[in-house]
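Morning, everyone. I'll go through one structure today and keep it short. Please have a look at it on the screen before I start.

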Amino acid sequence: MSISSLPAEGTAHASAPPVTVHEERQRQSRLSLAMVSPSVAVLLIWMAVPLAMTIYFSLIRYNLLYPGDNDFVGLENYYFFLTDEGFTAGMTNTLLLVCSVLLISVVVGVLIAVLVDTSFWGRGIVRVLLISPFFIMPTVSALVWKNLLLHPVSGVFAAVWRFFGAEPIDWFATYPMEAIILIVSWQWVPFAVLLLMTAMQSLDQEQKDAARLDGAGPVAIFWHITLPHLARPIAVVVMIETIFLLSIFAEIFTTTGGGPGYETTNLAYLIYSQALLQFDVGLASAGGLVAVLLANIAAFILIRMIGKNLTDKG
Amino acid sequence: MKQRLIPSLLVSSMALASLGAQAATVTIGTVNNGDMIRMQELSGAFEQAHPDIKLEWVVLEENVLRQRLTTDIATGGGQFDVMTIGMYEAPIWGKKGWLAPMDNLPADYDLADIFPSVRNGLSSEGTLYGLPFYSESSMTYYRTDLFEAAGLSMPEQPSWDQVRDFAKALHKPAQEQYGICLRGKAGWGENMALVSAMSNAFGARWFDEQWKPEFNGSAWKDTISFYVDLLGNYGPPGASSNGFNENLALFNSGKCAIWVDATVAGSFVTDASQSKVTDKVGFALAPQQVTTKGAGWLWSWGLAIPASSDAKDAAKAFATWATSKEYSQLVADKFGIAAMPPGSRASTYANAEYMAAAPFAAKTLESMDRADPDDSTLKPSPYTGIQFAAIPEFQSIATQVGKLVSGALAGSMTVDEALSSSQSVTEREMKRARYYQ
Amino acid sequence: MLTLKQGRQLQTVLLGTLAWLVALTIFFPIFWMILTSFKTEIDAFATPPQLFFTPTLENYLHIDARSDYFHFAWNSVVVSFGSTLLGMLLAVPAAYSMAFFETKRTKSTLLWMLSTKMLPPVGVLVPIYLIFKDFGLLDTKFGLVLIYTLINLPIMVWMVYTYFKEIPKDILEAARLDGATALQEIYRVLLPISKGGLASTVLLSLILSWNEAFWSLNLTASSAAPLTALVASYSSPEGLFWAKLSAVSTLACAPILIFGWLSQKQLVRGLSFGAVK
């Protein structure tokens, strides 16, 4: 960008007849279109091309293992996907996983954010420790939890259980979904903490002090001052985490493989197993489209519920 | 500074990627099993002998590798020049014309030295598509010290009933000693390999002559009930998520009394650097029940060259080197003679030094001899393969059935539920593949 | 009887201790991973797990002998920085126009952008693989840069948009009256004001790209494979692998973890998604 052109243009502006409001508006809207269009265009291509191919694949018989046999089959793939034994389980598990992790990360996140808002020795280090899990690769965190912590023979949890004289729990067989929720929450609570911690810093201290002078207890302050202040950041946490949680995959792939049975199969994993374990591209494409549809419905409901908090300035 | 540095790095790294066209680059996709890691370590010797060939390695765990290779070969992606594939893929992919035939091999390669069953398993209609890196059957590992202390003795080929009685007697969970370790992790190459071989011994088969599954029959019900009962009651905690590797770790750390798994583990359980039980392991054939047919499986990891490779000659040079007698000798010199790649070459088993150094070799050879993929079920079946059926649909079917069996093992469904779901899943897939309406 | 001041002090100590306990619990898995990476394989699988042991570097030496760590790390660096840069180049102008020239369609465009993130990646793997093959993008860093840019762009646009929304419009008006063009406006007025927010957008994009494990595994072979692929080559091999796996995980996460720690203040200050009034 050349700065030398600035004065010249400046003079040109000054000597030119005053720009009408109408022209100015037109110029602006052209400009704004030019600026927003690269992003919209690449995202449009990114979305449209694979989407078109996916729709096409979902209507033909296409298995990677026996190609060259791509008859048009109409809606057969959709029929097989929707009647798959794993489909109902996949729906329920997706919902269960998203909701539980959201609940946990919001509740625990708020509590931790409030806790570290008071000043104490080593607060900086505590903060660093608290947000660290967010930097860890999902695959790595799943591997660490599975092999080092939850392993029923040599894991840390098993040792703790034995120390108290209890029989170690075989997490991935007995409580598979709970274990997955634990691992995923471990990664996403720090994200909530990060956001809510930031928000806490802008909480008006004077307001709190005034309330305290009026005789309000800590619970009342939390309920009537802190929580309303956090409403907006909470909405942001919910929105962003939902996007990522809907397609949780690496953690399930590394730990339970969707099992035992279908107990930890969510929609993303179900589609994975059709695409890359059964190599049935037609079926997986149909599944992908069904998942997009469901995700958009979920997003629509979500935005209806918390959307005000996101786009309007409160 | 930062802003300028990054694009220039980006450009230079892209330029680098397009370099190196004159020397043939061979990209090898392989599994992260112990024998393959050794191959990677020793490959320097090959590169020295062939200065014009540069090797690139993609080492991944089995499941990830399989999905990676299948996507690439089926779409003609051409990312790999040597693929590590098994007896299941080689004939199917070869028949489709995806693989380059392994013909015109050098005379000193001595193809006749390779076991016929292994050669056949990696061929389709008489054409060889993969060179066997190592091959395996399955057998029974047991702890001689525990058996002796309990006054038990393991027969040459136990029955599953006997195995259960032994496991019951030796199961002492309070001391972290478990009666039996078996594969429980879902997957067609994991629990279903064991369960299929076991079902053969119980007289079951995957399909009848009309390609109808038989999960609603009594033979399968006996198999799965027995398996769930045995492993659930006398197995380690977490059995439903244990595969080959997890069980190997358990056995090596002295926590299993009996383990039925691949013969290739023989060299690991007797290797002092990773096993605490080296001198306390006994070997027996894989258990029988109503029949000995198909009781032990047959598998071979072979090196194959995709038809889409642009460096076929260099790739073939590598594949022949890595499966040659010369390579076996190199392994013997570097890692000890017991570490030679097992199961593929008759000359390995004719080597008295190897037979003396490898206590598991005799049983491995016997198991390999007994395994016959063409005749592995009590009742006649339309497919080849012992622990699998060599049809493209099998992978999909066994993946789903494997999940159901592990569900039954973990107790999240009953054996009957798992079997009736398996029946309907399999029928669905076979209908989808137009075997029948 | 405690005085009010003493009571306050006691409360601080108690809350501080509690915060430390929570933080240490949350950090424990990472600590344990790093600790295990210095054990021998036998120690790593010992029961009960050992807190005290003779540390060894053998796992790191093994990894160094078997794989070229810096090759993978370099790929991770190039790909995450490359995609972040490209993403910012696209996101900043888009966010600018959405924030300052808002139309009826702006909100729905924004939400539509976010919804592109909802297609499960695995559902489009085969289409993308075919496209990449045809354009020669398989196993190239550039291909990964493109993919990461596209998957992170919606979040980036949204984040930058929320920062821009907080900037009072009259500052821009003033610049415009001085005759600044739109680009100058962005470059000389907007960027300096929203530095903090942009920095945290960059950080988040770096973290997400560094840790992405689906596309990086499926679209690369050897020459463009980043650290996530290195981890995959050590997960569940034969034999005892806990210690080596911990070592390779530590190596894969260390750069981004340290980077995150160093920039933690920036991240905390900026990562508000416009959530702070």
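Let me begin with chain B: 57% of its 437 residues count as buried. Keep in mind that this is a predicted model, so every value I give is computed from it.

In terms of secondary structure, chain B has 18 helices and 10 strands. How compact is chain B for its length? Its radius of gyration is 23 Å, and the globule rule gives 22 Å for 437 residues; the two are close, so chain B is as compact as a globular protein of that length. If you draw a box along the principal axes, the C-alpha atoms of chain B fill roughly 65 × 55 × 55 Å.

Now the contacts inside chain B. Take those with a separation of 6 or more: 75% of them are between residues 24 or more positions apart.

Next, chain A. The domain assignment splits out domain 1, residues 20–47, and domain 2, residues 76–311. Taken over C-alpha atoms, the centres of domain 1 and domain 2 of chain A are 37 Å apart.

Last, the contact between chains C and A. On the chain C side 85 residues take part, and on the chain A side 87. Which element of chain C gives the largest share of its side? That is helix α1 of chain C, residues 4–36, with 16 residues. What classes of residue make up the side of chain C that touches chain A? There are 61 nonpolar residues, 20 polar and 4 charged.

That's what I have. Questions, please.

Methods
Residues are numbered from 1 along each chain as its sequence is written. Chains are lettered from A and ligands numbered from 1 in the order in which they are written. This is a predicted model: local features need pLDDT of at least 70, side-chain atom pairs count only at pLDDT 80 or more; totals for chains, interfaces and linings use all residues. Two residues are in contact if their C-beta atoms, placed from the backbone, lie within 7 Å. Helices (H or I, at least four residues) and strands (E, at least two) are DSSP runs, numbered from the N terminus. Ala, Val, Leu, Ile, Met, Phe, Trp, Tyr, Cys and Pro count as nonpolar, Asp, Glu, Lys and Arg as charged, and the others, Gly among them, as polar. Domain bounds come from an automatic or database domain assignment. The radius of gyration is taken over C-alpha atoms; the globule rule is 2.2 Å times the number of residues to the power 0.38. A residue is buried if 20 or more other C-beta atoms lie within 10 Å of its own, exposed if 12 or fewer, and partly exposed in between; C-beta atoms are placed from the backbone.
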